[in-house]
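Here are my notes on this one, in the order I went through it. Have the viewer open while you read, and shout if anything looks off to you.

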Amino acid sequence: MDLTFSEEQDELRTVVRSFLNRHATEADVRRLAAESSGHDPWIWRRMATEIGLQGLAVPEEYGGSGFGYVDLGVVFEETGRALLCAPYFSTVALAAETLLRCDDEAARAELLPGIASGETVATLALTEDSGRWDEPGIRLTARAGTGGWRLTGVKTYVPDGHLADLLLVVARTPAGISLFAVESADAPGLTHTHLPTLDQTRRQARITFTDTPARLLGTDGTAWPAVARTLATAAVLLAVEQVGGAAAALDAAVAYAKLREQYGRPIGSFQGIKHKCADMLVEIESARSAAYAGLWALDAGDETEIAVAAALAQAFCSEAFTKVAGDTIQVHGASASPGNTPRTST
């Protein structure tokens, strides 16, 4: 296994960062975070048509580029670095991955091209009021009738659920856990409610299904392995995104420490600030190693290794990002005494 990035992957990073530097500036992020939709459809379409981000890891037979998870991880790291306001995680890491994992060739051929082209915003509706991510936590029910399948129940904390043209819904039938597609945001019996989120760049919704018509994907009662693998993939990609965000935070802290002066010299020259920035770097590099290990495990395809790597990345990178973000705030709000002891200003 080659544990380095190729020249093509380095070039992909350069292209994506250049695009996001132009179209996902701090002003853009603040503007979109304040809007109800939370994203710009024009930028979303350009992401697909100019650099093919939505279809990067979608196989060529479904309209994508057929790249691997390491390539996709490069993109997620850059979107995390830019705090991209777009339904990229929900559409690519959740919905597209679920379709690729489910046993329904007809559904893949029909639904993946729209995702790859940027025409479809999609998401996975999994969690319910219990907040559980496991199989026993699924309580939304699906029943078969003369007119097809109908869904009844609630899904909550659905990423970009208010935007999605395509909902992939995990439901319980008499046969077990099954996967369904609701292919219209205006489907009968479907209602959306925005949920407040701490991170305003990532929207969530509560979705109520009342006898809502849906299409069964794959074989009834056999969906959970595909969902579990999707969750592992999404955990790794989210971890890589967190690494990108943490790296951007450190860059901001270092840049500020070079400019902010206290007692006639930059605060970055004080030992306390130096140590804090060094500790942040150690956290980021450790998190990066865990996240990248997850990407290479995904490309290798060993299910046992994927489960372990995903759990490690999920646990470590979340804590690292939180710590680095907090320390960045400390650097931006700190002054230092002549004894090199920083203090937080109010």
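1. A cut-off to start with: a residue is called buried when its relative accessible area is under 20%, exposed when it is over 50%, and partly exposed in between. With a relative accessible area of 1%, Gly294 is therefore buried. Keep in mind throughout that this is a predicted model.

2. Where does Gly294 sit? The residue belongs to helix α8, which covers residues 271-300. If you skip the neighbours within four places in sequence, Gly294 is in contact with Val236 and Ala309. Ala226 is another story: from Gly294 to Ala226 is 68 residues in sequence, and their C-alpha atoms are 18 Å apart in space.

3. Now the overall picture. The protein has nine helices and eleven strands. Its radius of gyration is 22 Å, close to the 20 Å that the globule rule gives for 346 residues, so the protein is as compact as a globular protein of that length. If you want a box for the C-alpha atoms, roughly 80 × 45 × 40 Å along the principal axes will hold them.

4. Burial and contacts, chain-wide. Of the 346 residues, 51% count as buried. Take the contacts between residues at least 6 apart in sequence: 73% of them join residues at least 24 apart.

5. Surface and charge. About 15400 Å² of the protein is exposed, and carbon and sulfur atoms supply 54% of that area. On the charge side there are 29 positive and 44 negative charges, and the mean positions of the two sets are 8 Å apart.

6. Next, the hairpin. Strands β2 (residues 141-145) and β3 (residues 148-159) make a hairpin, with two residues between them. Their pairing is antiparallel and runs over five bridges. Which residue of β3 stands opposite Arg143? That is Arg150, so to speak an arginine facing an arginine. Ala144, for its part, stands opposite Trp149 in β3.

7. Is Ala144 buried or exposed? This β2 residue is exposed, because its relative accessible area is 55% and the exposed class begins over 50%. Its C-alpha atom is 8.8 Å from that of Thr173, a residue 29 places away along the chain.

8. β3 has a further partner. It pairs with strand β7 (residues 204-217), again in the antiparallel sense, over nine bridges. One of the matched pairs there is Val154 with Thr208, the latter in β7.

9. For a parallel case, go to β1 and β4, which are joined by four bridges. Ala125 stands opposite Val169 of β4. Strand β1 (residues 122-125) sends Ala122 and Leu124 one way and Thr123 and Ala125 the other way, yet all of these are buried. That makes β1 a good strand to inspect from both faces in the viewer.

10. Two backbone angles deserve a look. Asp160 has a positive phi of about 55° although it is not a glycine. Tyr263 has a positive phi too, about 60°, and is not a glycine either. Where are they in the fold? Asp160 is in the loop between β3 and β4 (166-173), while Tyr263 is in the loop between β8 (261-262) and β9 (265-266).

11. Buried or exposed, for Asp160 and Tyr263? Asp160 counts as buried, because its relative accessibility is 7% and the cut-off is under 20%. Tyr263 has a relative accessible area of 53% and is therefore exposed.

12. Last, Arg13 in helix α1 (residues 7-23). At 16% relative accessibility, Arg13 counts as buried, since the limit is under 20%. Which residues is Arg13 in contact with, leaving aside neighbours within four places in sequence? They are Phe5, Val74, Glu77, Glu78 and Tyr292. Of these, Tyr292 takes you back to helix α8, whose range is 271-300.

Notes
Residues numbered from 1 in each chain as written. Predicted model: local features only at pLDDT ≥ 70, side-chain atom pairs only at ≥ 80, totals over all residues. Heavy atoms only, no water. Rg over C-alpha atoms; globule rule 2.2 N^0.38 Å. Buried < 20%, exposed > 50% of the residue type's maximum accessible area, 1.4 Å probe, protein only. Contact = heavy atoms within 4.5 Å. Areas by Shrake-Rupley, 256 points an atom, 1.4 Å probe, with all protein chains shown as cover. Lys, Arg positive; Asp, Glu negative; His and termini not counted. Charge placed at Lys NZ, Arg CZ, Asp CG, Glu CD. Pairing = 2+ DSSP bridges.
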